[in-house]
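Let's take a walk through this one together, starting with charged side chains and working round to the nonpolar ones. Have the viewer open as you read.

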Amino acid sequence: MSTIPDQQAGTRRRRRIHSDEFKANAVASCMQPGMSMAAVAMAQGVNANLLRRWVRDAEMNSGNTVVSATTAEVSKAQEAKTFFVPVSLPPPVQSAHVPDVRIELRRGPMAVTVTWPASAASECAAWMRELLR
């Protein structure tokens, strides 16, 4: 039996009692990659906060039974998890030729066309501000 349902005792509700097996299955479901604790809680019919407490308790209990590892063992375990994956990247894109800045000014019958290198656009802007004062 996994869960004893709520029982009414007069007007008071009793807490549900979950078996250790039920709790272990719920905690194991949370440990699956990509599994949401909230989704597991909803599927099991328990509150997410309660499930989080079960997970925390399980983590603490497993921590008490683990024998402490030496530094060499820890670094060896970390090395085993690290690996190189070669990735081929596309060749760098050659910068396309940026056209020059071309400005046409008209005042009455007079028209002025200015061509300025795009690499010096800020100088062009400063020149235009002075011209239009």
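Arg102, Glu104 and Arg106 are tied together in a network of salt bridges. Keep in mind that you're looking at a predicted model, so the distances here are computed from its atoms. Glu104 is the residue to click on, since it pairs with Arg102 and also with Arg106. On the Arg102 side, the closest N and O atoms are 3.3 Å apart; on the Arg106 side, the closest N and O atoms are 3.7 Å apart. Both distances count, because a salt bridge here needs the nitrogen within 4 Å of the carboxyl oxygen. A search of the whole structure turns up two salt bridges.

How open to the outside are these residues? Arg102 has a relative accessible area of 57%, and Arg106 has 65%. Both count as exposed because the cut-off for that word is over 50%. Glu104 comes in at 45%, so it is called partly exposed.

Now for some charge outside that network. Arg15, Arg52, Arg53 and Arg56 form a positive surface patch. Pick out Arg53 and you'll find it in helix α3, which covers residues 48-65. Its relative accessible area is 42%, so Arg53 is partly exposed. That is enough for a place in the patch, because patch residues need over 30% relative accessible area and no salt bridge.

Helix α3 has another role to look at, this time in the interior. The largest nonpolar core has ten residues: Phe22, Ala26, Val27, Cys30, Val40, Ala41, Val46, Leu51, Trp54 and Val55. The elements giving two or more residues to this core are α1 (20-30), α2 (37-44) and α3. Helix α1 provides the largest share, with four residues. As a general point, nonpolar side chains in soluble globular proteins tend to be buried together.

Which nonpolar residues make a patch on the surface instead? Look for Val85, Val87 and Leu89. Together they make a nonpolar surface patch of about 340 Å². Leu89 is in the loop between α4 (71-81) and β5 (101-107). With a relative accessibility of 70%, Leu89 counts as exposed, because that value is over the 50% cut-off.

Notes
Residues numbered from 1 in each chain as written. Predicted model: local features only at pLDDT ≥ 70, side-chain atom pairs only at ≥ 80, totals over all residues. Heavy atoms only, no water. Patch = residues over 30% accessible without salt bridge, like charges linked within 9 Å, V, L, I, M, F, W, Y side chains within 5 Å. Areas by Shrake-Rupley, 256 points an atom, 1.4 Å probe, with all protein chains shown as cover. Salt bridge = Lys/Arg side-chain N within 4 Å of Asp/Glu carboxyl O. Lys, Arg positive; Asp, Glu negative; His and termini not counted. Charge placed at Lys NZ, Arg CZ, Asp CG, Glu CD. Buried < 20%, exposed > 50% of the residue type's maximum accessible area, 1.4 Å probe, protein only. Core = buried A, V, L, I, M, F, W, Y, C linked by side-chain atoms within 4.5 Å.
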